[in-house]
Amino acid sequence: MTNTAKETAHIKPNGVEIAETILLPGDPLRAKFIAETFLEDYQCFNEVRGMLGYTGTYKGKKISVMGTGMGPASMGIYSWELINVFGVKNLIRIGTCGAMQEDIELYDVIFGMGASTDSNYGHQFNLPGQYSLTASFELLEKAKKIADDQGQKVHVGNILSSEIFYNADPTAIKKWQDVGILGVEMESVALYWNAAQARVNALCILTVSDHLLTGAKTTPEERQTAFTKMMEIALDLA
């Protein structure tokens, strides 16, 4: 568990411990829903900027959950601090994505084995080439087994982590689709980079909320509360 005396400008635990395994939804209200629905004896460890974080127990194991906001910049700040200040070892993003393949449907679950990106987040590391962002195999393998044991169908493969929501290039999605990208989200690039740099575990688990080919989509209310398959897989990873 983490040192409760530590704090940053963005995370102030006020004496509440942060577990070594944390779930990271983008929406802080989803973090609140998970704590209230799944965790026992939970306590709030963060309210700074409305980015709610909680620690409790699930099936007897300590686990934390916290919102990260949208985009690589926000995820980059929170995941860096959780790893490097608070000692978190296993970071599991649980979020929504837009599907980019015809055989993927609304509410399907995707494991981001790899994360392609249009973000410049990795430029800060000044590597002499291109780095392949991948999930922790330890978490990925365990998550797939949990899904199989639960009888849940999941898609495993490469996702696009984009920093652009409204893209000026109307051909961009088709180009990513043609190389087999399963879906698009906005945070895993920063999470995977920070985890790789610190040699800790990270995995992105996504529920399809929109389909970029068919135009089908879920409601904002469903995005907060309806994606329980993804949540249960992530919680069992603790």
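The exercises below work through a predicted model of one protein, going from the whole chain to single residues.

**Exercise 1. Describe the overall build of the protein, and decide how its radius of gyration agrees with that of a compact globule.**

Step 1. Begin with the secondary structure, where the protein has 7 helices and 9 strands.

Step 2. Turn next to the extent of the C-alpha trace, which spans about 50 × 45 × 30 Å along the principal axes of the protein.

Step 3. Because the protein has 238 residues, a compact globule would be expected to have a radius of gyration near 18 Å, and the 17 Å of the protein agrees with this.

Step 4. Finally, look at the contacts with a separation of 6 or more, of which 75% are accounted for by residues 24 or more positions apart.

**Exercise 2. Work out what share of the residues is buried, what the exposed surface consists of, and how the charged side chains are arranged.**

Step 1. Of the 238 residues, 55% count as buried.

Step 2. The protein exposes about 11100 Å², and carbon and sulfur atoms supply 50% of this area.

Step 3. For the charges, count 20 positive and 28 negative side chains, and then note that the centres of these two sets lie 3 Å apart.

**Exercise 3. Locate Asp-210, decide whether it is buried or exposed, and list what it touches.**

Step 1. Asp-210 belongs to strand S9, which covers residues 201–211.

Step 2. The relative accessible area of Asp-210 is 18%, and since buried means under 20%, Asp-210 is buried.

Step 3. Setting aside residues up to four places away in sequence, Asp-210 touches Cys-97, Gly-98, Ala-99 and Leu-106, and also Ala-216, Lys-217 and Arg-223.

Step 4. To complete the picture, consult the UniProt record, an unreviewed entry, in which the annotation "active site" covers Asp-210.

**Exercise 4. Place Leu-235 in the fold, and find how far its C-alpha atom lies from that of Leu-23.**

Step 1. Leu-235 is part of helix H7, made up of residues 228–236.

Step 2. With a relative accessibility of 2%, Leu-235 counts as buried.

Step 3. Although Leu-235 and Leu-23 are 212 residues apart along the chain, their C-alpha atoms are separated by 7.7 Å.

Step 4. Leu-23 is also one of the residues in contact with Leu-235 when neighbours within four places in sequence are left aside, and the others are Ile-34, Phe-38, Leu-39, Tyr-58 and Ile-63.

**Exercise 5. For Lys-59 and Asn-126, find the sign of phi and decide whether each residue is buried or exposed.**

Step 1. Lys-59 sits in the loop that runs between strand S3 (53–58) and strand S4 (61–66), and its phi is near 55°, a positive value in a residue other than glycine.

Step 2. Lys-59 has 65% relative accessibility, and therefore counts as exposed, the cut-off for exposed being over 50%.

Step 3. Asn-126 lies in the loop between strand S6 (109–117) and helix H3 (137–149), and its phi is likewise positive, near 55°.

Step 4. Asn-126 has a relative accessible area of 65%, so this residue is exposed.

**Exercise 6. Describe the setting of Asn-14, and give its distance in space from Ile-164.**

Step 1. Asn-14 is found in the segment before strand S1 (21–24).

Step 2. The relative accessibility of Asn-14 is 68%, so Asn-14 counts as exposed.

Step 3. From C-alpha to C-alpha, Asn-14 and Ile-164 are 35 Å apart in space, while in sequence they are 150 residues apart.

How values were computed: Residues are numbered from 1 along each chain as its sequence is written. This is a predicted model: local features need pLDDT of at least 70, side-chain atom pairs count only at pLDDT 80 or more; totals for chains, interfaces and linings use all residues. Side-chain values use heavy atoms; hydrogens and water are left out. Helices (H or I, at least four residues) and strands (E, at least two) are DSSP runs, numbered from the N terminus. The radius of gyration is taken over C-alpha atoms; the globule rule is 2.2 Å times the number of residues to the power 0.38. Buried means under 20% relative accessible area, exposed over 50%, partly exposed in between (1.4 Å probe, protein chains only). Contact means heavy atoms within 4.5 Å. Accessible areas come from the Shrake-Rupley method with a 1.4 Å probe; for residues, only the protein chains shown count as cover. Lys and Arg count as positive and Asp and Glu as negative; His and the chain ends are not counted. The place of a charge is taken as NZ of Lys, CZ of Arg, CG of Asp or CD of Glu. UniProt positions are given in the numbering used here, feature names are shortened, and annotations may be inferred rather than shown by experiment.
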